[in-house]
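Visitor: Please show me the model. I would like to ask how its labels are earned.

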Amino acid sequence: MPALSTSTPSRAKRPASAAAPRPGGYAGQLLRVNLTTGKIWSEPWSPEDMRELIGGVGLGARILYREVPVHVHWDHPENRLVLATGPLAGLPVWGTGGLTVVTRGAGTDGPTSTQANGFFGANLKYSGYDAVIVQGASRKWVYLHIHDDVVELRDASHLVGKDTWQTQDLLSAEYGLSGHQLSVYSIGPAGEGLVRFAAIQGDYGHVASKNGCGAVMGKKKLKAVAIVRGTHGLAAADPRGLVQAADDIGHDLRTDPTARSLYEYGTLPGVVNLHKLGMLPIKNYTTNVSPVDLGPWEARQLREGFDHRGHQCNACGMHHCHMQVIRSGPHKGTLVDEPEYEGWSGAGWTIGATDPQAVSWLNTELDRAGLDVNEFGWLCGWVMECVEKGYITRAQLGFDLRWGDVEGARKLVDLIVHRRGLGALLAEGVKRAAEKLGPPAQDCAVYTLKGAVPRGHDHRARWHEMLDTITSGTSTLETGNPVHPTEVGVPARVDPFDGVAVAKMVAGLRGRLGFEDSLGICIFTTRTRLENLCRALGAATGWSYTVDEAIRFGRRTGAILRACSLRCGITPATEYPSTRYASIPVDGPAKGQSIAEQWGKMLDTWYAEVGYDRKTGKPLPATCKALGAEWLAKELWGRSR
Amino acid sequence: MGTVAVEVVSWVTKFVGGDGSGRKMFEEPIVPGATVRSVLEGLSTRYPELHAALWEGRELGEHIEVLVNDAVLGIAHTLESPLRPGDRLALLGQFMGG
């Protein structure tokens, strides 16, 4: 394909402030792409900024705050799409192909941070860049091709309408490259159709899925980013120390009683575990009791029930990611990506589907179409319930859609991505669609008032995730699940239905995830002690980095994203779950537990603990100061404070 | 005298001689005054890997969730709660992923 815009980005001089040598682990350049003008350039970033922002969501949050003002909504050309790695990407620590996407997303029209893996991060770093920052919008469909110093915007007209796997197949064939030699992250028909929960999918099964980042890419008419594995050198400041830290992390993952299940089976144990705790969402939160024997849903059976092989990300030693071949049913012989727990949930249990073969197929169909599997699950489950109750008719849909009907769900995908009939409304996401239909249909929908949706769990038995989802500045979890909580002074366990204790736990854990998502490393290989991650970062960069500094960094990033959220109109008034999301489970282990009754005091506790103003939602001046962000306090509260 | 059923679920079966799937059932005899703690200690004494995963000193560590009669420990029961014949315990691996 001819290049529309070819550039060997000029390597600008380092700024005067950057007299200090570049830390190890960094490529040292940010790649800027303006799709309106076709201009491509690189800019250095200073060692001081590297220390303050690290990479990933830390870097992205700063760019979003500085460069996306209030009037630049998700679909404005000047919205930024930040595709960032981090200092560990490309280095020999497990799972270092990490990509963090930061943008103002289509779901909430607010800030987004969403991660994927594969090889993107490594390939980009080896080409000489720490991040790609896309602005502007193209008039014609293009894709970005990066091969060391040659960066091109190329005609993507032949890719339009192709799904994400087809797009990668076609580009791989064009360049004669396969496997990790070419990392391709693209949007499918969903992103092209500006579906508000469109995702960016890459390297056959890795998805930056949250908050409609794929719609942002579609609005810019950027079909794909294709990065050849570059040839630039990438060095750690202390190679021996890095290898030692990587070995310690690997040892921890192999031997820690909890992480070991992740090491062997990835997230497959989730279905059985979460069902036992009442956290498996079945049929759109209408039950928590499986109607079928869960034997085939054990981790080992989920893996060995398919022909499978490992599909590891960059430098990874986990037995996590796999490819599968469907063994039975109408799609027998089809190659698919082994679903994560989220896939088994969103493409399965949430919609009442209990055949692993069918669910696995639908999960990959969603990846190929470029849809977030979580929001699709909530949307499809809601439609199925509405059909059952007569709130949506067969005539409106054009076909019948009953609980567990995977083939029908696939028809719904087509309806949505092409915005046909009712699909035009459903493409706006579950919150907007439910609000449009109004009660009683609206009362059945699972969403947050911000416009985001939960991940694939029943949060009525997992209160910490509901609180985190709703108070987050990323549109999805900002704090995440407890990982070695005692390392940061949080109790190993709290009563899951004590709202105050849960809120204190969520507040106490804040910071870790923001730190992890800035490193350029997979979230699953960071299931180790923070001290190990800090040691790896220190060995990579040459910095002395402490656990306290990591937590402070993550919380500072959270405060910046909170400021972005407020600017986007996402205020404390939106921090509530929908009626169904906060309903009382009617059966299962959490039967009768009511989060709604405790929601107010949970918010009060959380705000007090994190140091944000309860009324305005702003991080308090003292909080900003403690986090090393006095500049943010001045901007939020004025200089007189 | 009587017994308490202890269900070891899925991944945790690895620590009691299983393959990490399915479930293993134990009928633990109890005497008057038996508590959640004494039953768990009785079982984990026989399985060192379970002991290492279950306890952090005298308290439960972060790796295994304990359910008493289908409710997470801490809601209606503590480690010191008495158990009666016919009560049920379940040991479930903490889940970091997903």
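**Cysteines and a sheet**

Guide: Over all chains, the count is 0 disulfides. A disulfide is a pair of cysteine sulfur atoms within 2.5 Å. This is a predicted model: local features need pLDDT of at least 70, side-chain atom pairs count only at pLDDT 80 or more, and totals for chains, interfaces and linings use all residues. Residues are numbered from 1 along each chain as its sequence is written, chains are lettered from A and ligands numbered from 1 in the order written, and side-chain values use heavy atoms, leaving out hydrogens and water.

Visitor: Why is A:Cys386 not bonded to A:Cys444?

Guide: The sulfur of A:Cys444 is the closest cysteine sulfur to that of A:Cys386, yet it lies 5.2 Å away, so it is too far for a bond. A:Cys534 is in no disulfide either; its nearest cysteine sulfur, in A:Cys522, is 18 Å away.

Visitor: What makes A:Cys534 buried?

Guide: Its relative accessible area is 4%. Buried means under 20%, exposed over 50%, partly exposed in between (1.4 Å probe, protein chains only). A:Cys386, at 0%, therefore counts as buried too.

Visitor: Which strands form the open sheet in chain A?

Guide: The order is β3-β2-β7-β4-β5-β6, with mixed pairing. Strands are DSSP runs (E, at least two residues), numbered from the N terminus. Two strands pair if DSSP finds at least two bridges between them.

Visitor: Why do β3 and β6 of chain A count as edges?

Guide: Each has a single partner strand, so one side is left without a neighbour in the sheet.

Visitor: How do you know that β4 and β5 of chain A pair?

Guide: They share 4 bridges, in the antiparallel sense. One bridge joins A:Leu81 to A:Thr103.
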